[in-house]
Amino acid sequence: MRNWLGLEGKVAVVTGGSSGIGAQIVASLLEEGAIVYNVDLHDDDSDKMNYYFLKTNVASLPEVKKTVEKIVESQNKIDILINNAGINLPRLLVDVKGEKPEYQMATKDLDLMFDVNLKGPVYLSQEIGKQFTAQKSGVIVNVTSEAGQEGSEGQSIYAATKAALIGFTRSWAKELGKHNIRVVAIAPGILEETGLRTPAYEEALAYTRNTTVDKLNGEYSKSIPIGRVGKLREVADLVCYLSSEKSSYITGTTINITGGKSRG
Ligand SMILES: NC(=O)c1ccc[n+]([C@@H]2O[C@H](COP(=O)([O-])OP(=O)(O)OC[C@H]3O[C@@H](n4cnc5c(N)ncnc54)[C@H](O)[C@@H]3O)[C@@H](O)[C@H]2O)c1
């Protein structure tokens, strides 16, 4: 059924839209007829209709303020915010083997991940939230992770930021529901490769799990009941649905999208 979601002409802001999940969310929202602003550190240099790029560090409040002002100035409204930008540096609480002290969590790792994964969504939601409350409508979709629900060996800082984002989602939904604003989160599991899975990331994760990069890759889909990793388009489809009026009674919750993967 064409236009089932009714996203034509909706103004959507996607953070981290130049790579991976974010790039697919941008593409899928554009396919649905939305006007999409990609808020990222770098552009993907593509030339698409109804697509705009605004170079922004989501962890910088002055930059976020300027970006949101520009969007409101040119569109007079914002309908959808997708807080997708995120980073993941695998780190151990204690490097028991003592071979790679750089993989034991340090203040700089905590600061960077808290800044991007938490302050970023807070700054965007606050600045766009002001517009949402003024116009009495809007949807925030926070991209968290199954790691935030279940924990993850070698990725505790990342998991903690994603758990906190799940907490923000619940609370913001309670604060903003009366203003006709929904706040939802999605928690993807293991997906097709994205920019997040760099060689440096895999090397660090393999060390924290006392395994090798090759073995790590072999293990990825074994724990998934559906027997394969998730497609970026499957995640973007869920985001489009949650951004639309078709999900008008869903708020304050986290939708898990993991092919059935869960604890135990
Ligand atoms: N890939 C997975 O398997 C997976 C699973 C669960 C959740 N997630 C979450 O999905 C989101 C997207 O991940 P991805 O795998 O597509 O990663 P990715 O690295 O491919 O893309 C992340 C994008 O965010 C941008 N970004 C990073 N820091 C930024 C900053 N300070 N300001 C603005 N933009 C910034 C990057 O430039 C990049 O374009 C993240 O929040 C991640 O935690 C990913």
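This passage describes selected features of a predicted model, moving from a helix and its packing to aromatic pairs, loop residues and a surface patch. Because the model is predicted, local features need pLDDT of at least 70 and side-chain atom pairs count only at pLDDT 80 or more, whereas totals for chains, interfaces and linings use all residues. Residues are numbered from 1 along each chain as its sequence is written, and side-chain values use heavy atoms, with hydrogens and water left out.

Helix α8 covers residues 232-243, where helices (H or I, at least four residues) and strands (E, at least two) are DSSP runs numbered from the N terminus. With twelve residues at 1.5 Å a residue, α8 should span 16 Å, and its end C-alpha atoms are indeed 16 Å apart; the expected span is 1.5 Å times one less than the number of residues. The residues L232, V235, A236, L238, V239, C240, L242 and S243 of this helix are buried, a term that stands for under 20% relative accessible area, while exposed stands for over 50% and partly exposed for values in between (1.4 Å probe, protein chains only). These buried residues of α8 pack against α1 (20-31), β4, β5 (138-143), β6 (181-188) and β7 (254-257), contact being defined as heavy atoms within 4.5 Å.

Three aromatic pairs are present in the structure; rings of Phe, Tyr and Trp (its six-membered ring) pair if their centres lie within 6.5 Å, and planes under 30 degrees apart count as stacked, over 60 as edge-to-face and the rest as tilted. One of them is the stacked pair of Y37 and Y52, with 4.8 Å from centre to centre and 15° between the planes. Since Y37 lies in strand β2 and Y52 in strand β3, this pair ties together parts that are 15 residues apart in sequence. Y37 is buried, at a relative accessible area of 4%, whereas Y52 is partly exposed at 38% relative accessibility. Another stacked pair is formed by F168 and W172, with 4.9 Å from centre to centre and 20° between the planes. F168 and W172 are four residues apart in helix α5 (residues 156-176), and are therefore separated by about one helical turn. In this pair F168 is partly exposed, with a relative accessible area of 29%, and W172 is buried at 12% relative accessibility.

Two loop residues have a positive phi although neither is a glycine: D45, at about 60°, and N76, at about 65°. D45 is found in the loop between β2 (35-40) and β3 (51-55), and is exposed, with a relative accessible area of 68%. The C-alpha atom of D45 is separated by 30 Å from that of A204, a residue 159 positions away along the chain. N76, for its part, is placed in the loop between α2 (61-75) and β4, and is exposed at a relative accessible area of 63%.

On the surface, L93, V94 and V96 form a nonpolar patch with about 340 Å² of accessible area together, areas being obtained by the Shrake-Rupley method with a 1.4 Å probe and, for residues, with only the protein chains shown counting as cover. Patches are made of residues with over 30% relative accessible area and no salt bridge, like charges being joined within 9 Å and nonpolar side chains (Val, Leu, Ile, Met, Phe, Trp, Tyr) within 5 Å; a salt bridge is a side-chain nitrogen of Lys or Arg within 4 Å of a carboxyl oxygen of Asp or Glu. Of these residues, V94 lies in the loop between β4 (80-83) and α3 (107-135) and is partly exposed, at 49% relative accessibility.
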